[in-house]
Amino acid sequence: MAVLITDTCISCDACLDECPVGAIVDNDDNPSGEDIYYVYKDKCVECVGHNDAPACADACPTEGCIVWDEVGSSKIEKEDRGEVGEAVID
Ligand code: SF4
Ligand code: SF4
């Protein structure tokens, strides 16, 4: 899984100081260039060893703003597993 910040973020900064590993950056430092806060996947440890629950999600006042994607949920990964077939057109 990976932590993602969606465009419902209100830029309140509450999550920035809570992250124990400094994985969250604001829109100015977003490496993707999007005008949105960003979580470095390679830094985020999902708070394992630091907190009982992800501190960013606990701190965030905006419901649905911080979400988790699923491992292997991308289209290419599904194709690798044979879960995506050709579209059938009647
Ligand atoms: S889950 Fe924890 S380590 Fe990951 S971004 Fe949120 S606060 Fe940081
Ligand atoms: S706590 Fe939530 S709303 Fe506030 S900056 Fe972080 S992701 Fe955005």
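## A pair of strands to start with

Let's begin with one pairing: Val-3 has Trp-68 of strand E4 as its bridge partner. That link belongs to a set of 4 bridges between E1 and E4 (residues 66-69), and the two strands run antiparallel. Keep in mind that everything here comes from a predicted model.

Strand E1 has two faces worth a look. Val-3 and Ile-5 point to one of them and are buried, while Ala-2 and Leu-4 point to the other and are not buried. Over in E4, Ile-66 is in contact with both Val-3 and Ile-5, and also with Cys-15, Cys-56, Ala-57 and Cys-60, once its neighbours within four places in sequence are left aside.

## The overall layout

Stepping back, the chain has 3 helices and 4 strands. Read from the N terminus, the elements go β-α-β-β-α-β-α. Of contacts between residues with a separation of 6 or more, 64% link residues 24 or more positions apart. Buried residues account for 16% of the chain's 90 residues.

How sure is the predictor? The mean pLDDT of the chain is 86, and 78% of the residues score at least 70. Among the elements, strand E2 (residues 24-25) has the highest mean, 98, and helix H3 (residues 75-80) has the lowest, 55. Where pLDDT is low, the predicted coordinates should not be read in detail.

## The nonpolar core

The largest nonpolar core holds 13 residues, and the ones touching the most other members are Cys-15, Cys-19, Ile-24, Cys-56 and Ile-66. E1 and H2 are the elements that give two or more residues to this core. As general background, nonpolar side chains in soluble globular proteins tend to be buried together.

## Two ligands and their shells

Now for the ligands. Ligand 1 is surrounded by 15 residues, with Cys-19, Cys-44, Cys-47, Pro-54 and Cys-56 the closest. Its shell has 13 nonpolar and 2 charged residues, and no polar ones.

Around ligand 2 there are 14 residues, and Cys-9, Cys-12, Ala-14, Cys-15 and Cys-60 come nearest. This shell splits into 11 nonpolar, 2 polar and 1 charged.

## A closer look at Cys-47

Cys-47, one of the closest residues to ligand 1, sits in the loop between strand E3 (38-39) and helix H2 (55-59). Is Cys-47 buried or exposed? It counts as buried because it has 20 C-beta neighbours inside 10 Å, and 20 is the cut-off for that label.

Which residues does Cys-47 touch, not counting those up to four places away in sequence? They are Pro-20, Ala-53, Pro-54 and Ala-55. Cys-47 and Cys-19 are 28 residues apart in sequence, yet their C-alpha atoms are 7.7 Å apart in space.

## Two residues with positive phi

Asp-13 is not a glycine, but it has a positive phi of about 75°. You'll find Asp-13 in the loop between strand E1 (2-5) and helix H1 (14-18). It is exposed because 12 other C-beta atoms lie within 10 Å, and 12 or fewer earns that label.

Glu-46 isn't a glycine either, and its phi is positive too, at about 55°. This one is in the loop between E3 and H2. Why is Glu-46 called partly exposed? It has 18 C-beta neighbours inside 10 Å, so it counts as partly exposed.

Conventions:
Residues are numbered from 1 along each chain as its sequence is written. Chains are lettered from A and ligands numbered from 1 in the order in which they are written. This is a predicted model: local features need pLDDT of at least 70, side-chain atom pairs count only at pLDDT 80 or more; totals for chains, interfaces and linings use all residues. A residue is near a molecule or strand if its C-beta atom, placed from the backbone, lies within 6 Å of it. Ala, Val, Leu, Ile, Met, Phe, Trp, Tyr, Cys and Pro count as nonpolar, Asp, Glu, Lys and Arg as charged, and the others, Gly among them, as polar. Two residues are in contact if their C-beta atoms, placed from the backbone, lie within 7 Å. A nonpolar core is a set of buried Ala, Val, Leu, Ile, Met, Phe, Trp, Tyr and Cys residues joined through C-beta atoms within 7 Å. pLDDT is the predictor's confidence in each residue, from 0 to 100. Two strands pair if DSSP finds at least two bridges between them.
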